[in-house]
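Hi,

Here is the structure I promised to pass on. Have a look, and my notes follow below.

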Amino acid sequence: MRLTELRKGDRGTILRIQADPELRNRLHSFGIIPGEELEVKGCSLARQTMEIDVDGTLIALRKEEAEKIEVEKSVSAPAR
Amino acid sequence: MEKEKIKVALVGQPNVGKSSLINAIANAKLHVGNFAGVTVDISEVKTTYCDPEGCAEYEITIVDLPGTYSLNDYSMEERVTKEFLLHEEYDLIVNVVDSTHLQRNLLLTAELLELGQKMVVALNMIDEAKKEGIEIDAKQLGVILGVPVVPVSAKTKEGLEKLKQSVVEVYKKPKTDSKIIYSDFIEEEIDRLVKFFEEKHYPSEIPYRHLAIRLLKEDTQIYKRMHDEPIWIELLPLLREALDHIYLHTGKKDINEIFADEHFAFAKGAKMEVISTKQMRAKNLTQKIDNLLINKYLGIPIFLFLMWGLFQLTFSLGQLPMDWIQAGFDWLAAQTHALLGETQLASVIADGILGGVGAVVSFLPNIIILFFGIALLETTGYMARVSFLLDGFFHKFGLHGKSFVPLVTGFGCTVPAYMAARTLKSRTDRMITLFILGFMSCSARIPVYVLFAGAFFGTEHAGNILFLIYIAGALFGLMAAKVLRVFVFKGEDDPFVMEMPKYRLPSLKLIYHVVAGQSMDYLRKAGTFILFASVLVWFASNYPKNPELEKRFEAKIAQTAAPQEKAKLQGRLQEELLAQSYLGQVGKATQPFFAPLGFDWKLSVALEAGLAAKEVVVSTLGVLYSLGNAADKGARALQEQLKRHVSFPAALAFIVFVMLYVPCFAAMAVFKQETGSWLYLAYLFIGTTAVAWAFSFLTYNVVKLLV
């Protein structure tokens with residue numbers, strides 16, 4: 001499923017990033033990398049932008065970019 | 001003894017406290033912000049270190065490079081940093097790393113290690129990490145990276161001496177031991193290439209290992225350089241084979257992606273090995289604040305409330321010292337007249353210089369409060385949240401959430417705002433932002449607004465009117481952005497991916513540096529440019545002299561007995577003299593252009609003088625309306641004069657014109673520099689003047705109908 005389908009408080013694992021190399025590098029340098037876990041921390045009005053937590057870094061993404069990130073939703077929220 | 005000089009390139013990701021660290025080391029004045037890309041220009045500071053053993057003294061120059069997440073050429077800052085690291089002369093790199101975000105920061109460290117330069121890693125914010133329950137084995141990390149790792153804190157000042165010592169030690173070493181270990185299949189290929197170079201005794205100024213890595217990474221520059229060398233023929237098949245092996249292993253053909261994965265594996269591995277986390281506490285605080293501040297429904301109202309509060313504070317709190325300053329300058333002017341008598345020299349000092357500069361300086365309290373507020377928003381990390389909240393909204397107008405930073409900076413001064421627009425990666429976003437920035441009312445326009453709002457709405461409403469003016473300017477900007485996006489700058493959107501830094505209590509020292517620096521800039525402008533402009537305006541309004549006219553009036557004055565009549569005639573004389581002065585001539589010549597807006601020649605002249613700088617509008621009006629009766633100068637008196645001479649619709653039209661036309665010469669110069677085009681500057685000038693004229697015309701006529 002896509003990152004945009006996750007709700008606030010949901011956790012997931014990044015599976016794939018389908019973006020051009022430039023954007024992928026950008027995401028990469030923030031630690032958004034396949035295999036990493038993330039948690040959705042919040043969304044702005046109309047879900048235009050969302051905030052995610054990857055390895056302790058808070059990152060803001062626009063809907064268009066979040067759609068390019070494929071994730072697998074974690075069923076139970078594991079305590080970290 | 002001659003000091004040995006060491007040049008250090010300071011590199012780190014945004015928000016790692018790089019500039020704070022420099023501030024702590026050298027006590028230098030540098031702008032530091034808790035937002036990606038506040039430092040765009042490269043700045044330098046110097047510090048000294050005395051080696052206790054040989055007691056050799058070292059002078060360390062630290063070059064503060066713009067914060068960058070990676071060396072990918074993604075944004076202007078990243079390009080600046082990369083260019084510097086690859087092509088400039090320096091002795092070693094100090095990589096500043098945020099201890100609380102080690103893994104992400106090590107991604108950049110890995111890239112830096114590949115440059116093959118001498119390096120020291122500074123583990124900054126080690127105190128914060130400890131508080132969060134993160135413990136880092138710096139020694140072990142040093143072993144993994146092959147470079148010294150020094151835990152430091154800009155806040156508590158720990159480790160700063162140790163850092164300098166490490167810099168000197170690394171400097172003295174002949175070469176770097178830095179290493180980054182890749183997966184076995186890549187290491188094998190590197191070994192094979194290194195062995196080949198060794199057998200060939202290939203002359204290279206960088207170590208073979210780094211050369212091999214850069215070849216495998218398809219580094220264009222290395223290819224270009226080696227392409228014409230004889231060794232290329234033999235190297236080529238080896239390289240092709242090596243790359244084929246790597247592709248086969250990874251199942252990928254994008255070498256950048258392969259190395260990015262390697263860096264990530266390296267960073268993650270290094271982190272796992274050196275870090276032990278006990279618990280997370282501070283993060284929860286950021287989380288709690290975020291739950292409120294970026295709440296879906298409350299976020300934007302809270303933001304608007306904070307902005308409104310800031311503007312109210314600016315004008316209510318600023319009023320008192322403003323009156324004092326004004327009174328001080330009035331006293332000085334009166335003293336000058338008393339001391340020198342009614343001479344030309346007294347007139348140029350009291351009416352020209354003191355009048356003009358006094359008007360400008362009296363707005364300093366307002367400006368300090370506003371700069372303080374903006375600096376506070378910036379250093380606490382709130383600005384990034386606002387970008388997040390507003391991106392959805394901005395995006396509809398063809399802007400980027402990040403445009404918010406230059407736009408808000410534009411409320412302070414348009415010049416740094418133009419420079420702040422460099423954070424925008426896509427040219428389209430950048431151009432649109434640059435073009436609309438002038439609509440954000442800069443602090444230099446405050447005096448004009450305060451003057452007119454105070455005169456025509458009363459001081460008690462001035463704050464609200466100002467807020468409205470600011471909102472109106474911003475709305476204009478947004479509409480202009482939409483128009484530009486649809487008709488002029490079409491193109492791909494810039495992706496919106498940005499870090500939300502942790503909330504931090506700003507250090508007072510930091511805020512002081514920012515506010516003091518910006519206020520000094522404002523004063524410097526007042527002291528030089530505006531001084532010159534006010535003397536020029538004084539000259540143009542006093543010359544040419546007309547002794548005949550003066551004689552005629554003096555004769556009339558001598559004839560009348562009533563003191564009231566005398567004063568009236570005196571006023572008439574001043575007006576007539578002004579009307580025939582150079583300034584009056586210019587104003588009258590251009591007045592037809594402004595006539596449909598209801599402006600008389602005095603207002604026209606003020607607007608033209610305002611092209612130099614907006615502060616000049618007020619000082620010009622001051623000279624134009626109160627010359628001759630030096631006793632009752634000052635803002636209040638000027639407001640009275642304006643109320644008497646300018647109609648309400650014309651005053652509103654004047655505010656609208658000032659709100660919309662180009663900020664100042666300095667801004668125009670920077671705009672040209674940032675867009676790189678005289679043509680764009682011409683578009684900006686013609687476009688904004690046309691818009692200003694059209695909307696002033698509209699305002700004047702609509703208000704005239706209503707009132």
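Which are the buried residues of α28(B)? Keep in mind that this is a predicted model. The list runs B:Trp601, B:Lys602, B:Leu603, B:Ser604, B:Val605, B:Ala606, B:Leu607 and B:Ala609. That makes eight of the nine residues in this chain B helix, which spans 601-609, so you can call the helix mostly covered, going by the cut-off of 20 or more other C-beta atoms within 10 Å. When you look along a helix, remember that residues three or four places apart point the same way, because there are 3.6 residues a turn.

Over in chain A, strand β1 (residues 11-17) has two pairings to show you. With β2(A), residues 37-43, β1(A) pairs in the antiparallel sense over three bridges; A:Arg11 sits opposite A:Glu39 there. With β5(A), residues 69-73, β1(A) also runs antiparallel, and five bridges join the two. One of the partnerships here is A:Gly12 with A:Lys73.

Now for confidence. The predictor scores the complex at an ipTM of 0.82 and a pTM of 0.68. Chain B has a mean pLDDT of 81, with 91% of its residues at 70 or more. Residues 31-39 of chain B fall below 50, though the model gives that stretch 38 contacts beyond near neighbours in sequence. Residues 628-633 of chain B are also below 50, with twelve such contacts. Where pLDDT is low, please don't read the predicted coordinates in detail.

Cheers

Methods: Residues numbered from 1 in each chain as written. Chains lettered and ligands numbered in written order. Predicted model: local features only at pLDDT ≥ 70, side-chain atom pairs only at ≥ 80, totals over all residues. Buried ≥ 20, exposed ≤ 12 C-beta atoms within 10 Å, placed from the backbone. Helix = DSSP H or I, 4+ residues; strand = E, 2+ residues; numbered from the N terminus. Pairing = 2+ DSSP bridges. pLDDT = per-residue confidence, 0-100. Contact = placed C-beta atoms within 7 Å.
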